[in-house]
Amino acid sequence: MTEKMKNPSPSRKRQAPQSGDTSVIVYAAQCGECFKWRVIPTQEEFEDMRSRFIEDPFFCNKIADVCCDDPADIEYNDTRIWVIDKPNLPKTPAGFQRKLVLRRDFSKMDAYYVTPAGTRMRSSTQVAPFLEANPQCEGLSVSDFAFAVPKVMEDTIPGKFGKGLSSANKKIKALTEGDDYV
């Protein structure tokens, strides 16, 4: 299972996402038989599939009128930044939004939830008090919220940023306007 981050037009040179320009634009799943990538139309469908991925793996024939003989919907390459999500994370509870934000240095993503009232919760330690203070959330528990983040695939990160991201302490120089990725 994967989520892909925004990218510039393929015909233009690659540029770093601007602040706030790091949202997921394509959800995709890889077929367990032919290994082709298939686009999943909505975040809700993606989360539903991801929540039961181990028990019910994805295959092309789960999409109407699609089979393994059809060409892939999308190719894994470096025209976009790819992130791979963990299987079997719970679906986002109704009324809440799960947001993922790519850090400026491309080192990792941060996950948070937006409540129906618009409050951001950045960790499970914020969920319990929220649920206790909001009786309309009866039936929800802390385990319904997953702050695990997708893994950023280093081989799809722009050249100036992609080398050595595993070293958490490495400082990465910001691009100046006009710089291009290699």
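The following exercises, each with a worked solution, concern a predicted model.

**Exercise 1. The environment of Arg38**

Determine whether Arg38 is buried or exposed, and identify the polar partners of its side chain.

*Solution.*
1. Locate the residue: Arg38 belongs to strand β3, which spans residues 37-40.
2. Assess its accessibility. The relative accessibility of Arg38 is 1%, and the limit for a buried residue is under 20%, so Arg38 counts as buried.
3. Search for polar partners on the backbone. A polar atom of the Arg38 side chain lies 2.5 Å from the backbone oxygen of Pro71.
4. Search for polar partners among side chains. The side chain of Asp73 makes a polar contact with that of Arg38, at 3.4 Å.

**Exercise 2. Cysteines and disulfides**

State how many disulfides the model contains, and explain why Cys68 is not bonded to Cys34.

*Solution.*
1. Apply the criterion: two cysteine sulfur atoms must lie within 2.5 Å of each other. The resulting count is 0 disulfides.
2. Examine Cys60, which takes part in no disulfide; its nearest cysteine sulfur belongs to Cys34, 3.5 Å away. Cys60 is buried, with a relative accessible area of 1%.
3. Examine Cys68. Its closest cysteine sulfur is that of Cys34, and the separation of 3.5 Å is too far for a bond.

**Exercise 3. The sheet containing β6**

Give the strand order of the open sheet of 3 strands, name its edge strands, and describe the surroundings of Val114.

*Solution.*
1. Establish the order, which is β5-β6-β7 with antiparallel pairing.
2. Identify the edges: β5 (97-102) and β7 (120-121) each pair on one side only.
3. Inspect the pairing of β6 with β7, which is antiparallel and comprises 2 bridges. Tyr113 has Met121 as its bridge partner in β7.
4. Place Val114 in strand β6, residues 109-114. With a relative accessible area of 15%, Val114 is buried.
5. Compare sequence and space: Val114 and Gln97 are 17 residues apart along the chain, yet their C-alpha atoms are separated by 5.1 Å.
6. List the contacts of Val114 beyond four places in sequence: Gly95, Phe96, Gln97, Lys99, Thr119 and Arg120.

**Exercise 4. The two sides of helix α2**

Find which residues of helix α2 are buried, explain why they are assigned to the same side, and name the element against which they pack.

*Solution.*
1. Select the buried residues of α2 (residues 124-133): Val127, Phe130 and Leu131.
2. Consider their directions. These residues are on the same side of α2 because they cover an arc of only 95° around the axis.
3. Recall the helical geometry: an α-helix has 3.6 residues a turn, so residues three or four places apart point the same way.
4. Turn to the other side of α2, where Thr125, Glu132 and Ala133 are exposed.
5. Find the packing partner: the buried residues of α2 pack against β7.

**Exercise 5. The nonpolar cores**

Describe the largest nonpolar core, and state how many residues a second, separate core has.

*Solution.*
1. Take the size and centre of contacts. The largest nonpolar core has 20 residues, and those with the most contacts inside it are Ile40, Phe58, Leu102, Met109 and Val152.
2. Assign the contributions by element. Two or more residues come from each of β2 (24-30), α1 (43-51), β5 and β6. Strand β2 supplies the largest share, 3 residues.
3. Examine Ile40 beyond four places in sequence: it is in contact with Tyr27, Ala28, Ala29, Glu45, Phe46, Met49 and Phe58.
4. Turn to the second, separate core, which has 10 residues, including Leu89, Leu131, Phe145 and Ala146.

Terms used. Residues are numbered from 1 along each chain as its sequence is written. This is a predicted model: local features need pLDDT of at least 70, side-chain atom pairs count only at pLDDT 80 or more; totals for chains, interfaces and linings use all residues. Side-chain values use heavy atoms; hydrogens and water are left out. Helices (H or I, at least four residues) and strands (E, at least two) are DSSP runs, numbered from the N terminus. Buried means under 20% relative accessible area, exposed over 50%, partly exposed in between (1.4 Å probe, protein chains only). A polar contact is a pair of N or O atoms within 3.5 Å; within protein, one must be able to donate a hydrogen and the other to accept it, and residues adjacent in sequence count only if both atoms are side-chain atoms. Contact means heavy atoms within 4.5 Å. Two strands pair if DSSP finds at least two bridges between them. The arc is that of the directions from the helix axis to the C-beta atoms. A nonpolar core is a set of buried Ala, Val, Leu, Ile, Met, Phe, Trp, Tyr and Cys residues joined through side-chain atoms within 4.5 Å.
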